[in-house]
Amino acid sequence: MKLEIPKLLTLVNTQDDLSTAFDGMKENAVACFPWETPASKPVVGFKIAHNNESVFLSYRVQEDELLARFSQHNSPVYTDSCVEFFVSFEGDSNYYNFEFNSLGTCLAAYGPDRHQRQSIAPETLGLIQTKTKINRLQGQSHRFEWQLFVQLPIAVLTNTKIDSLSGVKAQANFYKCGDDLKAPHYISWKNIETNNPDFHQPPFFGEIEFL
């Protein structure tokens with residue numbers, strides 16, 4: 001099954017535009033627990049769109065614990081409450097990992113596997129626009145909902161020549177994790193069949209296409 005990524009018909013000029021651009025769009029579940037399933041499962045969904053010049057991502061997370069410590073790009077945000085987007089464009093054996101904590105701080109790199117990664121410069125990551133919303137769910141004193149909205153310009157794809165996203169095919173996976181949470185968890189959009197937790201698994205990416 002291929003995930004078809006729609007083209008936005010509205011302009012996104014402000015942070016308010018960024019959070020409303022996904023209104024009425026279908027949410028996709030991040031609901032595979034390839035390894036241990038925590039007693040209290042986080043609920044995670046994402047939306048994705050584009051406008052030729054940028055990829056737009058929206059994540060919605062409900063979880064019992066919220067951890068947000070890092071504010072400098074390329075910090076280990078995967079140890080906080082974290083959502084991730086890994087993508088490999090057609091014809092390229094390498095892939096990008098974009099990882100965000102609930103503050104919108106980004107860790108990103110490019111390469112063929114977990115160990116051979118080339119970090120994307122913090123000043124380049126500064127081109128990414130984010131907006132976050134954090135709420136405590138009413139009637140659930142130990143449950144939080146947080147949302148992250150991301151505008152990721154193609155200029156951030158420093159190792160890929162893309163002039164326009166329309167018609168571009170790729171493979172990707174979407175994740176939620178939190179290595180330092182009291183109940184660590186690893187959740188994916190497409191299932192991963194490995195013995196140990198490892199999101200750096202391009203063979204288990206799913207197909208996506210930018211319409």
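In the predicted model, the protein chain carries 18 positive and 25 negative side chains. The centres of these two sets lie 5 Å apart. The exposed surface of the protein chain amounts to about 10100 Å². Carbon and sulfur atoms supply 46% of that area.

The fold comprises two helices and 13 strands. The radius of gyration is 16 Å, close to the 17 Å given by the globule rule for 211 residues, so the protein chain is as compact as a globular protein of that length. The C-alpha trace spans about 45 × 40 × 35 Å along its principal axes. Of the 211 residues, 53% count as buried. Contacts that link distant parts of the sequence were also assessed. Among contacts between residues at least 6 apart in sequence, 62% join residues at least 24 apart.

N97 was examined in detail. This residue is found in strand β6, which covers residues 95-101. The relative accessibility of N97 is 4%; buried means under 20%, so N97 counts as buried. Residues up to four places away in sequence aside, N97 touches F85, F86, L107, A108, A109, Y110, R117 and H200. R117 also takes part in a polar contact, side chain to side chain, with N97 at 2.6 Å. A polar contact at 2.9 Å joins the side chain of N97 to the side chain of E99. E99 lies within the residue range of strand β6. C32 lies 65 residues from N97 along the chain, and the C-alpha atoms of the two are separated by 19 Å.

Notes:
Residues are numbered from 1 along each chain as its sequence is written. This is a predicted model: local features need pLDDT of at least 70, side-chain atom pairs count only at pLDDT 80 or more; totals for chains, interfaces and linings use all residues. Side-chain values use heavy atoms; hydrogens and water are left out. Helices (H or I, at least four residues) and strands (E, at least two) are DSSP runs, numbered from the N terminus. The radius of gyration is taken over C-alpha atoms; the globule rule is 2.2 Å times the number of residues to the power 0.38. Buried means under 20% relative accessible area, exposed over 50%, partly exposed in between (1.4 Å probe, protein chains only). Contact means heavy atoms within 4.5 Å. Accessible areas come from the Shrake-Rupley method with a 1.4 Å probe; for residues, only the protein chains shown count as cover. Lys and Arg count as positive and Asp and Glu as negative; His and the chain ends are not counted. The place of a charge is taken as NZ of Lys, CZ of Arg, CG of Asp or CD of Glu. A polar contact is a pair of N or O atoms within 3.5 Å; within protein, one must be able to donate a hydrogen and the other to accept it, and residues adjacent in sequence count only if both atoms are side-chain atoms.
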